[in-house]
Structures are given as structure tokens and as C-alpha cells.
Amino acid sequence: MPELPEVDALVHFMGPRIVGDFITRTDIGELSILKTADPPLEAISGLEISGVSRVGKALLIEFDGLDLVCRFARAGWLIWHEQVPTGPVRMGKGPLGLRIHLASGAGFDISEAGTKKNASVSLVDDRTEVPAIANAGPDALSIDDDQFAALLADSSSRIKTVLEEQQLIAGIGNAYSDEILHTAKLSPFTPANRVDAEALLEVIRGVLGAAREALNDLPPAKVKTVKKRGLRVHGRTGQTCPVCGSTIAEVSYADKSLQYCPGCQTGGKKLSDRRMDRLLK
Ligand SMILES: [Zn+2]
């Protein structure tokens, strides 16, 4: 799932290319991607794009008085076309969710790999009509020390869960929470209210800041590969921790998994992995 650094890379790339350009046409490839009906999507045809921005993990294409809010879910991403294909779009076939044509001849797709279609696009007069935007907590890169300390003090949930909860702090997902906790040498299962908030916030800023720097000048097609290359524990089960040399372990859930280094984060102990434990019984 694209997180704060990746969506920032999109904003950085798209801004100079689309702001001031006009939408000439929109094609829907997957009906379920469009979550709003009023105003209709055709309302943006002929409009000038006035800005591109990010809220949490969402990308916003801005018009005078309208916002197109794009949310990528787990497998969604943006495909940029210097020359956008003009042929007809086959509905319900393949990854294309929405295609935007620009007056310059360029364009972009919101696409989603796989069979689960969870990416979404909402066209709204007021961005707070989108619940994920209205309910988003402070941004992970702008939350201040006191806000973050209060947020942790209020929760006995696992720190991993708290970092991923968009309503508490926006922008961090499964990959960067693994990376942040590894750098902070914290077990993902530590209760939030037992964490040194000041130290963790410094790590959050460092990890997200470095990721953003690495990704910021890349075209969308390169962002994922470079992101993966920069990860030290996430998605690296069985590999060697670059910090201490231990073998990176994981905890699996029904639909996702987290990775951590027992050497750096849990005093050498394996965290209980209910799925693995069940398989081994
Ligand atoms: Zn380690």
C-alpha cells in the first residue's frame, strides 16, 4: 500500500506536469472505483487543474471548488502517460480503474493490480465529505511532540497498531511502521503508553524523511522498486538484519504480515505467530 513517502513522490512528480493543464476526458475502467455520483465525474472535463496534494495516504487532484480524492488501497497506483492512449477502454478488464486525459496529450491512470478492487476515487465539493479525509489524524511529518506524546499516552494498544491507525496519525502503513519500529529498536507488540514518544517521533521523522528524499524525484513507475530496495526489515523474512545480523522474522495475520528483527527489537525472542503455531501443532 502506498504510504506517505510514495504519495509525496507522486505529488512532487505530478505537480509540475499537470497543474495549469485542463482535463479533456475521463474513462472509467472499473465502475466500483468511483465512490461518488454528485457531482458527476464528467463535471471535471474542461476544468483546469489548480493543485495536487496529499492528505495521509490519499492523493488529491484539485480544481477550483472541486477535489478528486484518489485512494490507492493495497495494490493501487498511478500510471503516468506522456501520451495517453486514446482508444476505448474495456470496462472491467484488467487493472485500469480511471483514466484521465489532459489537453497537453499526457494523462494518467489510477490502476489496481489483482482481483480485489479497493482503490477509490471520489469527486467532491468539499474534501471532508470523504470520511478518510475528515477523520484523518495529524500528518506523521507535521504532528508535534506534545500531540504525539498525548496520543501514545492514551493508548495501551500495540505500538504497531497505533502507528498504522490513520485516525490517530496519518500517512504510515504496514511497511514504514515495520521500518520505524526496527530503527527505534522497539517490539511491534510494545504497548503504546510504554514507548518513549520523543525518541520514537524523531525516528518517524528520520525514516519517513529519508524515504521521501529517496523517492521524490522518481517517476511513478520507479517508486515501488526503489521503495522496496530501501526497506531493511519489511518484506524481508528470513534475510539477515543489516544492523545486527540476526534473521528477520515475521508474524502473519489472515491478510497481511509484519516483519521484525528479534536481535534489534525483542531481545532475541520470537513473537508469537498464531498462524505458524497452529500449523506446527
Ligand atoms: Zn537486527
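## Working through the model: loops, core, zinc and domains

Lys-185 is found in the loop between α5 (174-183) and α6; helices (H or I, at least four residues) and strands (E, at least two) are DSSP runs, numbered from the N terminus. Before the exercises, some housekeeping. This is a predicted model, so local features need pLDDT of at least 70 and side-chain atom pairs count only at pLDDT 80 or more, while totals for chains, interfaces and linings use all residues. Residues are numbered from 1 along each chain as its sequence is written, and side-chain values use heavy atoms, leaving out hydrogens and water.

**Exercise 1. Find what is unusual about the backbone at Lys-185, Ala-73 and Pro-39.**

Step 1: recall the background. Most residues other than glycine have a negative phi, and most peptide bonds are trans.

Step 2: check phi. Lys-185 has a positive value near 55°, and Ala-73 has a positive phi of about 55° although it is not a glycine.

Step 3: place them. Ala-73 lies in the loop between β4 (66-71) and β5 (76-81). Ala-73 counts as buried because its relative accessibility is 17%, whereas Lys-185 is partly exposed, with a relative accessible area of 47%. The cut-offs: buried is under 20% relative accessible area, exposed over 50%, partly exposed in between (1.4 Å probe, protein chains only).

Step 4: check omega. The peptide bond from Asp-38 to Pro-39 is cis, with omega near 0°, and Pro-39 sits in the loop between β1 and β2 (49-55).

**Exercise 2. Describe the largest nonpolar core and zoom in on Ile-204.**

Step 1: set the term. A nonpolar core is a set of buried Ala, Val, Leu, Ile, Met, Phe, Trp, Tyr and Cys residues joined through side-chain atoms within 4.5 Å.

Step 2: look at the members. The largest such core has 62 residues, and those with the most contacts inside it include Leu-59, Phe-148 and Ile-204. Helix α6 (residues 197-215) gives the largest share, nine residues. At least three residues come from each of domain 1 (4-134) and domain 2 (145-280), with bounds from an automatic or database domain assignment.

Step 3: zoom in. Not counting residues up to four places away in sequence, Ile-204 touches Ala-140, Phe-148, Leu-163, Ile-172, Ile-180 and Gly-209; contact means heavy atoms within 4.5 Å.

**Exercise 3. Work out which residues coordinate the zinc ion, and in what geometry.**

Step 1: pick the donors, which are N, O and S atoms within 2.8 Å of the metal (3.2 Å for Na, K and Ca); water is not among the atoms, so sites may look incomplete. The SG atoms of Cys-241, Cys-244, Cys-261 and Cys-264 coordinate the zinc ion at 2.2 to 2.4 Å.

Step 2: read the angles. They run from 94 to 117° among the four donor atoms, making the site tetrahedral (all angles between 85 and 135 degrees).

Step 3: trace the spacing, C-x2-C-x16-C-x2-C. Cys-241, in the loop between α7 (220-230) and β9 (249-252), and Cys-261, in the loop between β10 (257-260) and α8 (262-265), are 20 residues apart. Both Cys-241 and Cys-261 are buried.

**Exercise 4. Size up the contact between domain 1 and domain 2.**

Step 1: get the spacing. Their centres, taken over C-alpha atoms, are 29 Å apart.

Step 2: list the participants. Domain 1 supplies 15 residues and domain 2 supplies 20 residues.

Step 3: read the buried area, meaning accessible area (1.4 Å probe) that two parts lose on being put together, summed over both. Here that's about 1,500 Å², with carbon and sulfur atoms giving 62%.

Key:
Tetrahedral: all angles 85-135°; square planar, octahedral: opposite > 155°, others 65-115°.
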